[in-house]
Protein chains: 2
Amino acid sequence: LSDRFESLDYDPCENSLFLKEESQQTFAHVNRMQTEKWIVMFLIGACVALIANGVVVTVDKISEWKYGRLRDVFDACSGTASDCLVQPLGLWVLGNIIPTLIGSILVVYVAPAAGGSGMAQVKCFLNGVKIPEFVRFKTLLVKIIGMICSLTGGLAVGKEGPMIHIGAIVGAGISQGQSTTCRTDLHILEDFRSDTEKRDFVSAGVAAGIAAAFGAPVGGVLLSLEEGASFWNQSLTWKVFFCSLTSVFVYNMIIGIYQGQPGDLSNSGLINLGAMADMTYLLYEIPIFLLMAVGGGLTGAIFNFLNFQLTMFRHKHITRNWARIMEVVLISAVTACVGFLLIYYVGDCQMMRDTSPQRTVQMLCSDGEYSSIATMLFQTSEKSLRDLLHDEPGTYKPLTLGTFVVAYFLLACWTCGSWIPSGQFIPGLLIGATWGRLCGIGVMLMLPGVAIDPGRYALIGAAAQLGGIVRMTISLTVILIEATGSIAFGLPIMITLIVAQWVGNWFNAGLFDVHIKLLRVPLLEWEPPPLSSHLVARSVMSHPVYTFKTTESVGTIVDILHKVTHNGFAVVSDGDIRSPLSDTPDTFGRMRGLILRSQLITLLQLKVFNESPDIDVIRAGLSIRSFRDTYPRYPSIKDVAITDQERRYTMDLAPYMNPSPYVVYMNTPFPRLFKLFRALGLRHLVVVDNRNQVVGILTRKDLAKFR
Amino acid sequence: LSDRFESLDYDPCENSLFLKEESQQTFAHVNRMQTEKWIVMFLIGACVALIANGVVVTVDKISEWKYGRLRDVFDACSGTASDCLVQPLGLWVLGNIIPTLIGSILVVYVAPAAGGSGMAQVKCFLNGVKIPEFVRFKTLLVKIIGMICSLTGGLAVGKEGPMIHIGAIVGAGISQGQSTTCRTDLHILEDFRSDTEKRDFVSAGVAAGIAAAFGAPVGGVLLSLEEGASFWNQSLTWKVFFCSLTSVFVYNMIIGIYQGQPGDLSNSGLINLGAMADMTYLLYEIPIFLLMAVGGGLTGAIFNFLNFQLTMFRHKHITRNWARIMEVVLISAVTACVGFLLIYYVGDCQMMRDTSPQRTVQMLCSDGEYSSIATMLFQTSEKSLRDLLHDEPGTYKPLTLGTFVVAYFLLACWTCGSWIPSGQFIPGLLIGATWGRLCGIGVMLMLPGVAIDPGRYALIGAAAQLGGIVRMTISLTVILIEATGSIAFGLPIMITLIVAQWVGNWFNAGLFDVHIKLLRVPLLEWEPPPLSSHLVARSVMSHPVYTFKTTESVGTIVDILHKVTHNGFAVVSDGDIRSPLSDTPDTFGRMRGLILRSQLITLLQLKVFNESPDIDVIRAGLSIRSFRDTYPRYPSIKDVAITDQERRYTMDLAPYMNPSPYVVYMNTPFPRLFKLFRALGLRHLVVVDNRNQVVGILTRKDLAKFR
Ligand SMILES: Nc1ncnc2c1ncn2[C@@H]1O[C@H](COP(=O)(O)OP(=O)(O)OP(=O)(O)O)[C@@H](O)[C@H]1O
Ligand SMILES: Nc1ncnc2c1ncn2[C@@H]1O[C@H](COP(=O)(O)OP(=O)(O)OP(=O)(O)O)[C@@H](O)[C@H]1O
Ligand SMILES: [Mg+2]
Ligand SMILES: [Mg+2]
């Protein structure tokens with residue numbers, strides 16, 4: 001586990017300042033806070049939707065222009081010598097390289113946290129691990145621009161992962177009423193400036209992101225629960241739901257205006273998979289679906305394995321900034337070339353029909369025909385996915401699909417984790433839809449005479465593949481149901497997802513968990529490892545413990561803060577001599593409370609020393625707000641100037657520490673520790689003996705070690 | 001708060017016997033338990049589905065026969081003098097009375113816990129409150145039969161509440177591998193015999209019940225979370241999901257066979273609301289929906305208020321068994337008479353058309369016409385609901401709908417809470433659909449020329465009304481989406497539900513919460529009351545505390561168990577003299593552990609006394625199983641025979657107590673206590689001073705007092 005990651009403070013500290021503040025509050029204040037919460041939820045939803053609108057319109061316009069030009073230059077070559085194709089190919093490569101270059105430069109030099117999909121980091125954040133720079137304003141900007149770049153650059157990526165990350169940042173941003181990056185503080189919503197409150201808004205932002213991306217408000221809520229929540233809180237869930245609802249609503253309204261049908265709200269989200277026609281399925285199809293699910297689980301496991309190896313390789317060898325940018329550029333160039341090769345060598349020519357896709361590309365085909373593979377490649381991935389789900393039987397030759405799926409699988413796997421914003425949902429779905437359609441064609445061949453819609457198999461394949469890669473079930477089921485509007489097909493989708501997950505889990509973890517493991521994040525799983533009751537607090541705790549007395553000398557505090565990196569310290573009684581009856585060898589005084597590094601630093605900065613000449617003035621000016629003002633970027637101990645004289649002063653910690661932290665006994669079994677930690681979102685847990693004397697301390701890292 | 005209710009033990013006791021057992025277990029055992037869990041989940045799902053199938057087929061057959069006969073006798077009268085109608089009316093009344101009489105006798109005399117919908121009780125159970133006889137086998141039987149009776153008796157009730165209760169009992173039953181009522185013990189699944197494990201299966205059963213009732217697997221999972229869960233556990237959620245999936249699957253398979261289309265799985269659940277046609281809606285309709293939502297919230301609040309008054313009246317005045325039965329009989333007779341009056345005085349005659357409902361009743365109408373109100377009444381409520389959602393515009397006169405909705409509202413309100421199984425979902429939906437359709441007709445009149453489908457308004461009305469009564473949002477949204485198959489309409493449904501809930505909550509609590517409050521159940525809400533930080537453990541705890549020494553005299557134990565009804569006792573060190581330094585006035589010894597009444601009684605029954613002649617044999621024979629064997633009906637202290645000699649013996653409690661319970665300090669603020677209690681499902685929480693000496697104890701009742 002890496003030491004780079006600190007935890008978030010999800011457990012509020014009820015010290016005397018907090019209690020004083022609360023005692024002055026009225027129910028009117030509680031109501032105002034509730035109202036503010038609902039309003040902020042609305043704003044988050046609306047804001048995420050607006051960003052989604054902006055992204056989708058921009059990407060649409062640019063892609064249309066780019067692929068339109070490409071279509072033209074390629075079609076100009078049809079019928080002529082094949083070396084005429086060099087110029088179009090060059091243009092294609094260029095059209096891919098330019099945006100991805102911009103995107104990756106931004107990511108590498110401005111906001112590295114904006115790279116990748118962000119799902120793994122969102123999961124960590126909601127779990128209680130602080131990811132550096134993850135919810136900054138500049139990360140948001142880079143993510144948005146980078147996402148547009150990677151999408152218009154034709155990479156094998158999707159929008160949903162980045163949308164989730166964007167949602168998280170918007171949630172964390174709007175709820176604070178300030179931006180440290182922009183040095184603005186609106187002096188509103190100050191009550192929400194704590195990790196506990198922020199988490200709620202981030203959950204909502206995540207849900208709104210998914211809701212806007214897939215037009216799936218319920219799916220969004222479930223995803224934010226499945227990946228993040230630990231304590232299911234009904235009133236929070238409603239707010240999250242409201243937020244994701246708003247997001248869909250606003251998105252639909254604006255996209256309706258953009259599409260020239262203002263007022264029509266029946267649109268779907270960013271990624272419109274199109275309503276599937278009334279789909280019935282029969283009992284004998286279930287085994288076929290199951291087989292496909294197994295296939296999805298296996299290929300998903302392979303995907304994750306390859307990506308794992310690749311990421312290891314990246315960590316070791318691609319460490320320079322320019323190398324990272326070069327890799328992205330290389331990927332985008334290769335993507336174009338692979339596409340070209342596919343078109344050149346496969347060149348699946350289809351007769352123009354009424355039911356043919358809207359924008360076809362002739363390429364190397366004769367007049368009156370179009371190249372189905374080129375048509376698939378000359379548009380965004382979502383549109384290809386949609387075509388695969390809805391096109392008539394016979395639109396694609398099996399060979400086309402077969403070569404496409406292999407190429408796209410490798411490209412997607414390579415792209416995932418490179419230094420540019422990228423989502424894995426759409427690539428996963430597209431890969432699955434392709435081989436699913438292939439399966440559908442196979443079933444058609446085996447059962448001639450039965451009317452079979454290959455689009456149905458494409459949907460199952462898509463579910464199987466994505467399920468095999470990301471290993472979510474409940475939220476993904478609902479998202480797919482909502483994105484395709486096919487309730488009747490919900491049951492097979494779910495079964496497929498569950499089986500794909502089982503099969504995949506047999507081999508390795510889901511894609512995001514693989515990345516989390518690679519980052520060595522101290523993530524707490526849902527449940528303690530089985531058969532871990534023989535481990536007790538005594539054997540997993542850290543020992544000795546750095547403690548402070550309730551009245552501690554400033555010098556000691558400063559020295560210890562300089563010496564160790566710990567963020568929490570037990571506060572112990574000062575008067576007590578060590579009890580002679582104590583049956584534990586080393587104790588560190590009688591437990592009185594818990595104080596955080598950030599609190600100590602604030603106290604030092606404000607010079608709340610007993611011997612300070614103006615101590616009464618300082619004390620009177622101290623409120624919970626003094627501590628909140630430095631949130632979320634607490635100063636470091638190095639920023640605190642303490643004179644030698646002050647070092648000899650003392651400080652009263654009792655009024656500022658958490659006087660009633662949860663404590664456990666030495667013989668507490670591991671599962672019990674784990675449940676306490678996980679369910680209540682703790683950061684430090686002090687272990688006491690049966691005289692309430694501190695004997696050890698536990699943090700997330702001590703628990704996450706055991707898997 | 002009533003003393004009648006005891007808590008469930010959701011917090012496992014990790015005593016030395018437990019640790020010994022676990023240390024002997026291998027990973028193979030863990031895997032076997034996991035596999036068993038999945039299998040049990042499958043069985044629960046399948047079993048619930050089979051029961052649902054049985055009920056729906058039985059009710060269908062009986063209702064068809066009953067209403068067919070009624071249709072015939074009524075139609076025979078058409079055209080003749082109106083006193084010819086006396087005989088049909090008599091038959092109708094009789095046809096209602098007979099089944100409801102049977103049902104209510106069963107409920108009143110055999111299993112009172114089977115009355116009502118069971119939703120409130122399920123909520124309590126999942127919250128951690130033991131409801132007497134709630135998950136017994138005989139309750140299951142009575143619930144099934146009673147439900148068939150109330151449905152065929154033509155009462156204004158639905159199937160979903162009882163299905164949820166049935167699911168809960170099936171979950172609790174199958175997972176135990178034994179039935180105390182039937183005196184059978186299969187000696188399997190013994191690991192699942194604890195409240196903690198049982199709760200998981202009950203959650204799954206609840207989800208399966210909803211899934212089978214509405215064909216809504218996702219909705220089922222969400223409902224079981226929304227009403228029950230506190231700690232969202234991913235692996236449990238998957239299992240619950242699997243269970244509800246199985247339930248839908250099996251239900252569909254069997255109903256497919258029953259309907260002569262074996263293998264077709266695209267059916268919906270028990271309550272088939274029918275797929276709504278592709279429904280688009282426009283921006284200007286949103287305000288109308290909002291108004292309807294407000295209406296739903298208001299009428300829902302009125303419904304709950306009336307039902308609250310009625311229930312109070314019942315508690316006071318209808319206390320005799322025969323009176324309870326008579327009330328049910330009266331309701332069923334009045335239901336028939338009201339129906340008759342509606343038909344007679346409203347008599348909405350419609351021309352027979354192609355689009356007319358399948359089974360029409362002519363009644364007092366001329367030939368070639370049918371009475372739309374009679375058609376509505378002469379079928380089960382679900383079918384009427386379905387017709388209201390799907391019938392052509394113009395099928396019903398506004399007056400018909402208006403009178404029907406008033407009558408049905410009052411009847412449903414009266415029926416709710418009487419001594420027969422009854423669900424409130426379908427009545428709620430039906431009432432809402434009726435006035436919703438009325439609104440739709442109103443809109444049609446106001447906006448002539450615009451094509452408006454009143455069925456759409458009926459759906460919104462249904463959502464508004466049900467939301468206003470039961471005040472669930474997320475699960476209800478998903479259930480309605482799944483039951484009608486209309487994703488596109490999800491957004492307005494959600495908005496409607498949220499607004500209806502807001503409006504309703506302004507006046508009173510949801511229906512189930514009203515009943516819970518009336519039962520005076522110590523339910524723990526989702527969140528601590530606002531501004532409760534000034535309450536600390538010291539001020540809410542019970543004091544003095546009954547404690548036992550780690551080595552305690554048998555006489556003392558027996559006496560205390562006889563004297564008090566408490567279920568948990570702190571165990572304290574025996575050697576300690578009271579610390580002279582202690583700064584709290586009354587302490588009761590140094591905290592060592594927590595022991596439950598049931599454990600003490602088992603120890604007394606097995607005579608684990610230090611002075612017993614064969615104590616070594618007894619100790620060797622003792623295992624965690626000795627304690628589990630008496631689960632779930634622990635003997636009372638009165639069943640324990642202790643001789644005078646034995647009273648002077650002593651007992652070692654240390655190996656059997658929970659040696660590492662969660663404890664809190666005296667100054668712990670209420671919200672912190674509450675969160676600990678709620679998130680971890682505690683039953684007792686010991687309060688200690690800062691020398692770890694017991695000063696007080698807290699139970700659910702101490703916390704639930706503050707709302
Ligand atoms: N006050 C302390 N005294 C002694 N050891 C400590 C103390 N605080 C933490 N530790 C131990 O140091 C190790 C690393 O600490 P860690 O970085 O997890 O703590 P932290 O920085 O306080 O919390 P976090 O990193 O989760 O924000 C852990 O094993 C932990 O048990
Ligand atoms: N061992 C005890 N000594 C003194 N008071 C107790 C003890 N146990 C419980 N109480 C108090 O008695 C009151 C009623 O107890 P209650 O019936 O809630 O406890 P219980 O029966 O042990 O638990 P439950 O009823 O939740 O199963 C509560 O206020 C509680 O604090
Ligand atoms: Mg640290
Ligand atoms: Mg009690």
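Helices here are DSSP runs of at least four residues, numbered from the N terminus. Keep that in mind as you click around, and remember that the model is predicted.

**Stop 1: a loop in chain B**

Select Arg520(B). You'll find this residue in the loop between helix H19 (511-519) and helix H20 (537-540) of chain B. Now check the backbone: phi of Arg520(B) is near 55°, a positive value in a residue that isn't glycine. Is Arg520(B) buried or exposed? Neither, quite: its relative accessibility is 46%, so Arg520(B) counts as partly exposed.

Next, jump to Lys607(B), in the loop between helix H22 (597-605) and helix H23 (615-621) of chain B. Phi of Lys607(B) is near 55° too, again a positive value in a residue other than glycine. Lys607(B) has a relative accessible area of 26%, so this residue is partly exposed.

**Stop 2: two cis peptide bonds**

Stay in chain B and pick Tyr631(B) together with Pro632(B). The peptide bond between them is cis, with omega near 0°. Pro632(B) sits in the loop that runs between helix H24 (624-628) and helix H25 (644-647) of chain B.

Now hop over to chain A and select His543(A) and Pro544(A). The bond from His543(A) to Pro544(A) is cis, with omega near 0°. Look at what flanks Pro544(A): its loop lies between helix H20 (537-540) and strand S7 (547-549) of chain A.

**Stop 3: a sheet in chain A**

From that loop, carry on into S7. This strand belongs to an open sheet of 3 strands in chain A, ordered S7-S9-S10 with mixed pairing. Which strands are at the edges? They are S7 and strand S10 (591-596) of chain A, each pairing on one side only. Averaged over the sheet, neighbouring strands are turned by 35° against each other, ignoring direction.

Zoom in on S7(A) and strand S9 (residues 568-572) of chain A: they run parallel and are joined by 3 bridges. For a landmark, pick Phe548(A), which stands opposite Val571(A) in S9(A).

**Stop 4: ligand 1**

Select ligand 1 and show what surrounds it. There are 18 residues, and the closest are Ser7(A), Ser542(A), Asn567(A), Lys701(A) and Asp702(A). Try a few distances from oxygen atoms of the ligand:

- Asn567(A): a polar backbone atom is 2.6 Å from an oxygen atom of ligand 1.
- Thr699(A): a polar side-chain atom is 2.8 Å from an oxygen atom of ligand 1.
- Asp702(A): a polar side-chain atom is 2.4 Å from an oxygen atom of ligand 1.

How much of ligand 1 does the protein bury? On its own the ligand exposes 590 Å², and 91% of that is buried by the protein. Colour the elements of chain A that give two or more residues to this shell: strand S1 (6-7), S9, strand S14 (694-699) and helix H27 (700-704). By class, the shell has 6 nonpolar, 8 polar and 4 charged residues.

**Stop 5: ligand 2**

Finally, select ligand 2. Among the 18 residues around it, Ser7(B), Ser542(B), Asn567(B), Lys701(B) and Asp702(B) come nearest. Turn on the side chain of Ser542(B), where a polar atom lies 2.5 Å from an oxygen atom of ligand 2. His684(B) has a polar side-chain atom 2.6 Å from an oxygen atom of ligand 2. For His566(B), look for 3.3 Å between a side-chain N or O atom and an oxygen atom of ligand 2. Of the 600 Å² of accessible area that ligand 2 has on its own, the protein covers 91%.

How values were computed: Residues are numbered from 1 along each chain as its sequence is written. Chains are lettered from A and ligands numbered from 1 in the order in which they are written. This is a predicted model: local features need pLDDT of at least 70, side-chain atom pairs count only at pLDDT 80 or more; totals for chains, interfaces and linings use all residues. Side-chain values use heavy atoms; hydrogens and water are left out. A residue is near a molecule or strand if one of its heavy atoms lies within 4 Å of it. A polar contact is a pair of N or O atoms within 3.5 Å; within protein, one must be able to donate a hydrogen and the other to accept it, and residues adjacent in sequence count only if both atoms are side-chain atoms. Accessible areas come from the Shrake-Rupley method with a 1.4 Å probe; for residues, only the protein chains shown count as cover. Buried means under 20% relative accessible area, exposed over 50%, partly exposed in between (1.4 Å probe, protein chains only). Two strands pair if DSSP finds at least two bridges between them. Axes are lines fitted to C-alpha atoms, for helices over the stretch in contact, and angles run from 0 to 180 degrees between N-to-C directions. Ala, Val, Leu, Ile, Met, Phe, Trp, Tyr, Cys and Pro count as nonpolar, Asp, Glu, Lys and Arg as charged, and the others, Gly among them, as polar.
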